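Please open the model in your viewer, show the backbone as a cartoon, and keep the selection tool at hand. We will go from one selection to the next, and at each stop look at what is there.

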Amino acid sequence: QLQLVESGGGLVQAGGSLRLSCAISGFTLDNYRIGWFRQAPGKEREGVSCISSSGDSTIYADSVKGRFTISRDNAENTVYLQMNSLKPEDTAVYYCAVSTRTFYISSLYLSSHMYTYWGQGTQVTVSS
């Protein structure tokens, strides 16, 4: 059965870095687009980034552009989110998700309704 397991979260000081991983099993990863989302307490789930099946195309929320980088290793069935220059406002639970949609990569893929399968999330806390 399909599983998505996030890891790599933790507590980091502002300005620091973390790399999140999303390990996917029971699924042919290279055929699908993968997104990262986050949700802080009391706030809506927010799209962070999305990567195409080949890894050639990526999109980012304005709030993380220049600081976060999404990548994928299809041979290892893993998607990564490298987070640099972290800010307290980045504090949230981070989720990875799989989309079966095939539209051209755009900001639409920062919307949660585009995704079918979700992991359980990993907590990222950035202290000031």
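In which loop, between which two strands, is Ser-52 found? Select Ser-52, and you will see that this residue is found in the loop between strand S5 (46-51) and strand S6 (58-60); a strand here is a DSSP run of E with at least two residues, a helix is a run of H or I with at least four residues, and both are numbered from the N terminus. Before going further, please note that this is a predicted model, in which local features need pLDDT of at least 70 and side-chain atom pairs count only at pLDDT 80 or more, while totals for chains, interfaces and linings use all residues. Residues are numbered from 1 along each chain as its sequence is written, and side-chain values use heavy atoms, with hydrogens and water left out.

Stay with Ser-52, which is buried, with a relative accessible area of 8%; buried means under 20% relative accessible area, exposed over 50%, and partly exposed in between, with a 1.4 Å probe and protein chains only. If residues up to four places away in sequence are not counted, Ser-52 touches Tyr-32, Arg-33, Ser-57, Arg-72 and Ile-105, where contact means heavy atoms within 4.5 Å.

Next, select strand S4 (residues 33-39), which is mostly covered, since six of its seven residues are buried. S4 is joined to S5 by five bridges, and the two run antiparallel; strands pair if DSSP finds at least two bridges between them. Within this pairing, Ile-34 stands opposite Ile-51 in S5. The hairpin of S4 and S5 has six residues between the strands, and there Gly-42 takes a positive phi near 75°. S4 also pairs with S9, in the antiparallel sense and over seven bridges, and Arg-38 stands opposite Tyr-94 in S9.

Now select Cys-22 and Cys-96, which are joined by a disulfide with an S to S distance of 2.0 Å; a disulfide is a pair of cysteine sulfur atoms within 2.5 Å. Cys-22 lies in strand S3 and Cys-96 in strand S9 (residues 92-99), so the pair ties together parts that are 74 residues apart in sequence. Both cysteines, Cys-22 and Cys-96, are buried. Cys-50, by contrast, is in no disulfide, and the nearest cysteine sulfur, that of Cys-96, is 12 Å away. Cys-50 is also buried, with a relative accessible area of 0%.

From Cys-22, move to its bridge partner, Glu-6. Five bridges join S1 to strand S3 (residues 18-25), and these two strands run antiparallel. Widen the selection to the open sheet, in which four strands follow the order S1-S3-S8-S7 with antiparallel pairing. Strand S1 (3-7) and strand S7 (68-73) stand at the edges, each with a single partner strand, so one side of each is left without a neighbour in the sheet.

Finally, zoom out to the whole protein, which has zero helices and 11 strands. Its radius of gyration is 13 Å, close to the 14 Å that the globule rule gives for 128 residues, so the protein is as compact as a globular protein of that length; this radius is taken over C-alpha atoms, and the rule is 2.2 Å times the number of residues to the power 0.38. Along its principal axes, the C-alpha trace spans about 40 × 25 × 25 Å.
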